[in-house]
Amino acid sequence: MSKTLTENFVEQFKLCKVTADETVGIIAELGQKDEYVAAAVAAARQLGASALVLHASSLSSPMLPPYAADGREVAPLLAAAGECDFVVDVTVGGLIHSDVRTRITGNGKRMLFVAEPADVLERLMGDGDLRGQVEIGGNALRNGSKLHVTSTAGTELTADIAGEDLPITHQWGYVDEPGRWDHWPSGFVACFPNDRTAEGRIVLQPGDALIPWQRYVQDTVTIEVEKGFIKSVSGKGSDAHLLNDYFEAWDDSEVWALSHMGWGLLERARWSAFDVYDPRTLYGQELRSTAGNFMWSTGSNRLADRETPAHLDIPMRGCTVEIDGTAVVRDGTLVGE
């Protein structure tokens, strides 16, 4: 029998080590995802913690321009969230790439983003085994110097990942350490290659995914990359035209930049999710986390002082991912399986 949303939040909060002496802050948008707010408050109370709900009028990023940032609510939001021990973000678009997230976790607070439907949250709940796999992947990136991605479709991409301070994102779906951010559910590892070092060609194939468009690629698209930026997008079908239209719409050179790169590790995540579910009800975490994918992204990179609301995550199937010549994913399958 499936668990209720509150029961799932209780299990998740236990993974996040919420204790009776803590205060849980819930950041939400007025009139949006009220059932998540109620479940988070109920879960906190069941564990003996107190709960503070912070409703903003709007914090989500737009899908297309025009866009004018409005930061008037950020300062009071940070002041209140800063008094909480554990912050749950249930805003529609999430505060993933925002300064709000960086400043909350920078003060040692734990922060969790929640957006997927209830049954996805339950089915893809993280655990210790997944965490171990993600950490192994992170260590491989940290000890590497060159990321090399290929595919039989023609992808040939390299990026410099050398350096002890290489930013690495470990996502296992819960936050059990001070200063940690995660997204429930998750199961992937990624890094932000040294800025302007990605070079080569990415060839998208039908069945690869475009997030947050929440749909599969329909036809072959060739993307040329120079010095960390997309220089051209070409193809005979509509997808090349649509991608060019999206990038050009922002009139912002930074949307053409490559951002993070990594691979999925969650065996329970299914590539078919966009067809099985109504894709507009999903945030795309299942495709981001599917074991053996290669996922790269465009636009925002707060670690390179590049903030833009335009951001695509693009999980790909059938790629080989190598670090200094050692494969971690071969032809879309995790090495070692």
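How many nonpolar, polar and charged residues does the lining of the largest cavity have? In this predicted model, the count comes to four nonpolar, five polar and two charged residues.

That cavity has a volume of about 70 Å³, and a search of the whole structure turns up one cavity of 30 Å³ or more. Its walls include a run of names from Pro193 through Asn194, Asp195, Arg196 and Thr197 to Ala198. Gly228, Leu258, Ser259, Met261 and Asn301 line the largest cavity too.

Next, the second largest pocket, which holds about 320 Å³ of space. Of its 15 lining residues, Arg101, Ile168, Thr169, Trp181 and Arg302 sit closest to the centre. Two elements, α4 (99-106) and β7 (168-171), each give two or more residues to this lining, and β7 has the largest share with four.

Here are the two linings by class:

| Space | Nonpolar | Polar | Charged |
|---|---|---|---|
| Largest cavity | four residues | five residues | two residues |
| Second largest pocket | six residues | six residues | three residues |

Now for the packing. In soluble globular proteins, nonpolar side chains tend to be buried together. Here the largest nonpolar core has 89 residues, and Phe9, Phe13, Leu204, Trp263 and Trp296 make the most contacts inside it. Helix α2 (residues 34-46) supplies the largest share of this core, six residues.

Take Phe13: leaving aside neighbours within four places in sequence, Phe13 touches Val18, Val24, Ala40, Ala43, Ala44, Leu47, Phe86 and Val88. Apart from the largest core lies another, of 18 residues, with Ile27, Leu59, Ile96 and Ile104 among them.

Terms used:
Residues are numbered from 1 along each chain as its sequence is written. This is a predicted model: local features need pLDDT of at least 70, side-chain atom pairs count only at pLDDT 80 or more; totals for chains, interfaces and linings use all residues. Side-chain values use heavy atoms; hydrogens and water are left out. On a 1 Å grid over the protein atoms alone, a cavity is a set of points where a 1.4 Å probe fits but cannot get out, and a pocket is an open set with protein on both sides within 12 Å along at least five of seven lines; lining residues have an atom within 4 Å of a point. Grid points are joined across faces, edges and corners, and a volume is the space filled by probe spheres set on the points. Ala, Val, Leu, Ile, Met, Phe, Trp, Tyr, Cys and Pro count as nonpolar, Asp, Glu, Lys and Arg as charged, and the others, Gly among them, as polar. A nonpolar core is a set of buried Ala, Val, Leu, Ile, Met, Phe, Trp, Tyr and Cys residues joined through side-chain atoms within 4.5 Å. Buried means under 20% relative accessible area, exposed over 50%, partly exposed in between (1.4 Å probe, protein chains only). Contact means heavy atoms within 4.5 Å.
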